[in-house]
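Let's walk through a ligand site, a metal site and a couple of backbone details together. Have the viewer open as you read.

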Amino acid sequence: MIVNERITSYINSLDSGNSDIVNKIRLEAIAQNVPIIRQESENFLKVMLRLSKPKHILEVGTAVGYSALLMSENMPEDCTITTIEKYEKRIPQAKENFKRAGKDKVITLLEGDALDILKSLEGPYEFIFMDAAKGQYMTFFEDALRLLAPDGVMVSDNVLQDGDVIESRFAVTRRNRTIHSRMREYLYTLTHHDELQTAILPIGDGMAVSVRRKNETS
Ligand code: SAH
Ligand code: MG
């Protein structure tokens, strides 16, 4: 936990929830230990969607479709979502959840490794939710930027690696060391790129929000 636990519970106590079916799918995902978006991050995502009013959303990392459904309830009516997942076990569950919520027409699930799929997409997308394996964000970056519309918003989840990212790489367990250096490189890139304006927020597991600048000189 990055933020004081009492602050987080207080913030979460103010959360007014979602539709019945989305609330139900959330509880099912938690019961099955599926890693879904943290409760305190949901409202941030919803506010970003209301501000950016996208027509096309791209999500990297569907899991069982919870965040895609959450976004579908908070996007403009004529907006569509494309979401990518490679884990075979979760794909049918996500599809089933889209049907249950009556959203299978507006959400398209692309099956396979985002490394390949992103290359095949044309975009542009006005909103990208980056929420797959955090050690891979840097390898997704070039395509994500190519696919992001001018003024488009990209939200990257889990960027503070449960707080590990601020530790020395030697204090991080060997297993997490590669993620640690790749995440630092990703955050440095997001914050120093000419075409992006990025804020890093200690919400949930850390979220970065980046806006694509038009071709302006800074
Ligand atoms: N966005 C979801 C949670 C996603 S969890 C929610 O909040 O409800 C991250 C998901 O990304 C996992 O299901 C994992 O299988 C998937 N994933 C990780 N690396 C991937 C890759 N390279 N290509 C496609 N999916 C990937
Ligand atoms: Mg996440």
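A backbone N or O atom of Lys86 lies 3.3 Å from a nitrogen atom of ligand 1. Two side chains make polar contacts with ligand 1 as well, and the table sets the three side by side; a polar contact is a pair of N or O atoms within 3.5 Å, and within protein one must be able to donate a hydrogen and the other to accept it, with residues adjacent in sequence counted only if both atoms are side-chain atoms.

| Residue and part | Atom of ligand 1 | Distance |
|---|---|---|
| Lys86, backbone | nitrogen | 3.3 Å |
| Arg90, side chain | oxygen | 2.8 Å |
| Gln136, side chain | nitrogen | 2.8 Å |

The protein covers 93% of the 590 Å² of accessible area that ligand 1 has on its own (Shrake-Rupley method with a 1.4 Å probe; for residues, only the protein chains shown count as cover).

A word on the source: this is a predicted model, in which local features need pLDDT of at least 70 and side-chain atom pairs count only at pLDDT 80 or more, while totals for chains, interfaces and linings use all residues. Residues are numbered from 1 along each chain as its sequence is written, chains are lettered from A and ligands numbered from 1 in the order in which they are written, and side-chain values use heavy atoms, leaving out hydrogens and water.

Around ligand 1 there are 21 residues (a heavy atom within 4 Å), and Gly61, Ser67, Glu85, Asp131 and Gln136 come nearest.

Asp131 also serves the magnesium ion (ligand 2), whose protein donors are Asp131 (OD), Asp157 (OD) and Asn158 (OD1), at 2.1 to 2.2 Å. Donors are N, O and S atoms within 2.8 Å of the metal (3.2 Å for Na, K and Ca); water is not among the atoms, so sites may look incomplete. Asp131 lies in the loop between β4 (125-130) and α7 (137-147) and Asn158 in the loop between β5 (148-157) and α8 (174-192), so the pair ties together parts 27 residues apart in sequence. Helices (H or I, at least four residues) and strands (E, at least two) are DSSP runs, numbered from the N terminus.

The loop between β5 and α8 also holds Gln161, whose phi is near 50°, a positive value in a residue other than glycine.
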